[in-house]
Amino acid sequence: MKAFFQYFFGKGEEAEFVNFTLPHLLPILVTAVLIYLIWHFRERIRESKMDKPIRYTLAFVLIIAEMSYYWRLVGIPSLDPNPVDHLPIAVCGWAAIFCSYMLVGKSQSLFDISYFWLFSGSIFALITPTVITYTGPTRFRYYQFWAEHTMGYVAIFYMIFVHGMRPNWRSLIKSYVLLLVMAVIAYFANQIIGPGANYLYMARPEDTPSILDILPPNFALRILIMIAAITALFFAAYLPWYLKDRKAEESVKA
């Protein structure tokens, strides 16, 4: 039993997870199915007593997925965790926490932040999950990663379909400013900690394959491209709502 736990919670081996294979695509497919089911049964959920249990279950899964990442590092000495490499300066982690509290309190403010952060930052983790290169489906980290990075999208669409939440221009600006604040914190953390620190992937390309590999190693150029890309993604995330509002205005005028 001890050997099993050491293996299951262990680090894993190089290239244990490969991008765009079944272990990569299956969690995304499951997430899409869950979102479809929420949309399909949205009226039934809204009119029944199922809403609160569903919200609280999703919130519990999200917060446990986020916290268990740190519990695993602390509980397994062989992983040799360095606290300065695991500071809470990550879009995905905070998005999971915000989504959890959003579900419990039905908070519009946390919805605003989570919506843009997920669709403009965390989406990269779904495309190339570089941080789990060493952990395939036989490892705990694989399931922790996918629970943390997919249940946020389920939570966002749940609040959209069941509770009618949506972003607006002010929420876009608010979320963008908060992301810039985190980026400043990440920059100084990278500078203070030095070699090895790469919060928000601002310092350098990752050692494992990632979509961010297309970014140049030059710091100034890297940051400029990242700002431009994130800005474009923020507006792309808001575009469906903008088009919906325009269509509603045109129908009223007609």
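Is Tyr-69 buried or exposed, and at what relative accessibility? With a relative accessibility of 18%, Tyr-69 counts as buried, because the cut-off for that class is under 20% relative accessible area. The points below set this residue beside others in what is a predicted model.

1. Overall fold. The secondary structure of the protein consists of nine helices and zero strands, so that, read from the N terminus, the order of elements is α-α-α-α-α-α-α-α-α. The radius of gyration is 19 Å, close to the 18 Å that the globule rule gives for 254 residues, and the protein is therefore as compact as a globular protein of that length. Along the principal axes, the C-alpha trace spans about 65 × 50 × 30 Å.

2. Burial, contacts and surface. Of the 254 residues, 41% count as buried. Among contacts with a separation of 6 or more, 75% are made by residues that stand 24 or more positions apart. The accessible surface comes to about 14100 Å², and carbon and sulfur atoms account for 71% of that area. As for charge, the protein has 21 positive and 17 negative charges, and the mean positions of these two sets are 9 Å apart.

3. Tyr-69 and its surroundings. This tyrosine is found in helix α4, which covers residues 51–75. Once residues up to four places away in sequence are set aside, Tyr-69 touches His-86, Arg-141 and Gln-144. For one of these partners the separation of the backbone is also available: the C-alpha atoms of Tyr-69 and Arg-141 are separated by 7.6 Å, although the two residues are 72 residues apart along the chain.

4. Leu-58, also in helix α4. Leu-58 is found in helix α4 and is buried, with a relative accessible area of 10%. Not counting residues up to four places away in sequence, Leu-58 touches Leu-103, Met-151, Val-154, Ala-155 and Tyr-158. The C-alpha atoms of Leu-58 and Val-154 are separated by 8.3 Å, while along the chain these two residues are 96 residues apart.

5. Aromatic pairs. The structure holds 26 aromatic pairs. One of them joins Phe-98 and Trp-117 in a tilted arrangement, with 5.8 Å from centre to centre and 50 degrees between the planes. Phe-98 lies in helix α5 (residues 91–105) and Trp-117 in helix α6 (residues 108–127), so this pair ties together parts that are 19 residues apart in sequence. Both Phe-98 and Trp-117 are buried. Another pair, formed by Tyr-176 and Phe-234, is edge-to-face, with 5.2 Å from centre to centre and 90 degrees between the planes. This second pair links distant parts of the chain, since Tyr-176 is in helix α8 (residues 169–193) and Phe-234 is in helix α9 (residues 219–253), 58 residues apart. Tyr-176 and Phe-234 are both buried.

6. An aromatic cluster. Tyr-176 and Phe-234 belong to one aromatic cluster, whose other members are Phe-111, Tyr-115, Phe-116, Phe-119, Tyr-153, Phe-157 and Phe-161.

7. Two residues with positive phi. Most residues other than glycine have a negative phi, and it is against this background that the next two residues may be read. Phe-20 has a positive phi of about 65 degrees although it is not a glycine, and its place is in the loop between α1 (2–8) and α2 (22–40). Leu-200, likewise a residue other than glycine, has a positive phi near 60 degrees and is found in the loop between α8 and α9. In accessibility, Phe-20 is exposed, with a relative accessible area of 54%, whereas Leu-200, at 17% relative accessibility, counts as buried.

8. Arg-139, a buried charged residue in a loop. Arg-139 is located in the loop between α6 and α7 (140–163), and this arginine is buried, with a relative accessible area of 5%. Leaving aside neighbours within four places in sequence, Arg-139 is in contact with Tyr-7, Phe-8, Gly-10, Gly-12, Glu-13 and Glu-16. Two of these partners, Glu-13 and Glu-16, are glutamates, and Glu counts as negative while Arg counts as positive.

Key: Residues are numbered from 1 along each chain as its sequence is written. This is a predicted model: local features need pLDDT of at least 70, side-chain atom pairs count only at pLDDT 80 or more; totals for chains, interfaces and linings use all residues. Side-chain values use heavy atoms; hydrogens and water are left out. Helices (H or I, at least four residues) and strands (E, at least two) are DSSP runs, numbered from the N terminus. The radius of gyration is taken over C-alpha atoms; the globule rule is 2.2 Å times the number of residues to the power 0.38. Buried means under 20% relative accessible area, exposed over 50%, partly exposed in between (1.4 Å probe, protein chains only). Contact means heavy atoms within 4.5 Å. Accessible areas come from the Shrake-Rupley method with a 1.4 Å probe; for residues, only the protein chains shown count as cover. The place of a charge is taken as NZ of Lys, CZ of Arg, CG of Asp or CD of Glu. Rings of Phe, Tyr and Trp (its six-membered ring) pair if their centres lie within 6.5 Å; planes under 30 degrees apart count as stacked, over 60 as edge-to-face and the rest as tilted.
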